[in-house]
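I opened my notebook to look a few things up in this structure. Here are my entries, in the order I made them.

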Amino acid sequence: MIKSKKGQLGIIEAKFFFIGLLIGIVVAVAVIFMANKGILIPFKLSFLC
């Protein structure tokens with residue numbers, strides 16, 4: 001693909017950034033859902049939904 005390995009670091013960092021962002025969004029939505037159902041914490045986060 002790329003002859004020089006110098007330009008690959010940005011691509012690898014971008015991959016880790018987007019994977020972390022996706023996992024963070026999924027975890028945040030799951031925590032909000034469980035909080036509103038009363039599973040995780042005893043109060044509702046109604047201002048988020």
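Is Leu 21 buried, partly exposed or exposed? I looked up its relative accessibility and got 41%, so Leu 21 counts as partly exposed, because that class lies between the 20% and 50% cut-offs. I noted that this is a predicted model.

Next I asked where Leu 21 sits, and found it in helix α1. I then went through the secondary structure of the protein, which comes to one helix and zero strands.

How far apart are the end C-alpha atoms of helix α1? I found 42 Å for this helix, which runs over residues 9–37. Its 29 residues should span 42 Å at 1.5 Å a residue, so the two values agree. Just after α1 I came to Gly 38, and its phi is positive, near 85 degrees.

Then I turned to the aromatic rings. My search of the whole structure gave one aromatic pair. Phe 17 and Phe 18 form that pair, and I logged it as edge-to-face. Their centres are 5.2 Å apart, with 70 degrees between the planes. I also checked accessibility here: Phe 17 is exposed, and Phe 18 is exposed too.

Which residues make the nonpolar surface patch of about 510 Å²? I wrote down Phe 17, Phe 18, Leu 21, Ile 25 and Val 29. So my partly exposed Leu 21 turns up again in this patch, along with both rings of the pair.

Last, I took totals for the protein. It has 49 residues, of which 6% count as buried. The exposed area is about 4500 Å², and carbon and sulfur atoms supply 76% of it.

Conventions. Residues numbered from 1 in each chain as written. Predicted model: local features only at pLDDT ≥ 70, side-chain atom pairs only at ≥ 80, totals over all residues. Heavy atoms only, no water. Helix = DSSP H or I, 4+ residues; strand = E, 2+ residues; numbered from the N terminus. Expected span 1.5 Å × (residues − 1). Phe/Tyr/Trp six-rings, centres within 6.5 Å; stacked < 30°, edge-to-face > 60°. Buried < 20%, exposed > 50% of the residue type's maximum accessible area, 1.4 Å probe, protein only. Patch = residues over 30% accessible without salt bridge, like charges linked within 9 Å, V, L, I, M, F, W, Y side chains within 5 Å. Areas by Shrake-Rupley, 256 points an atom, 1.4 Å probe, with all protein chains shown as cover. Salt bridge = Lys/Arg side-chain N within 4 Å of Asp/Glu carboxyl O.
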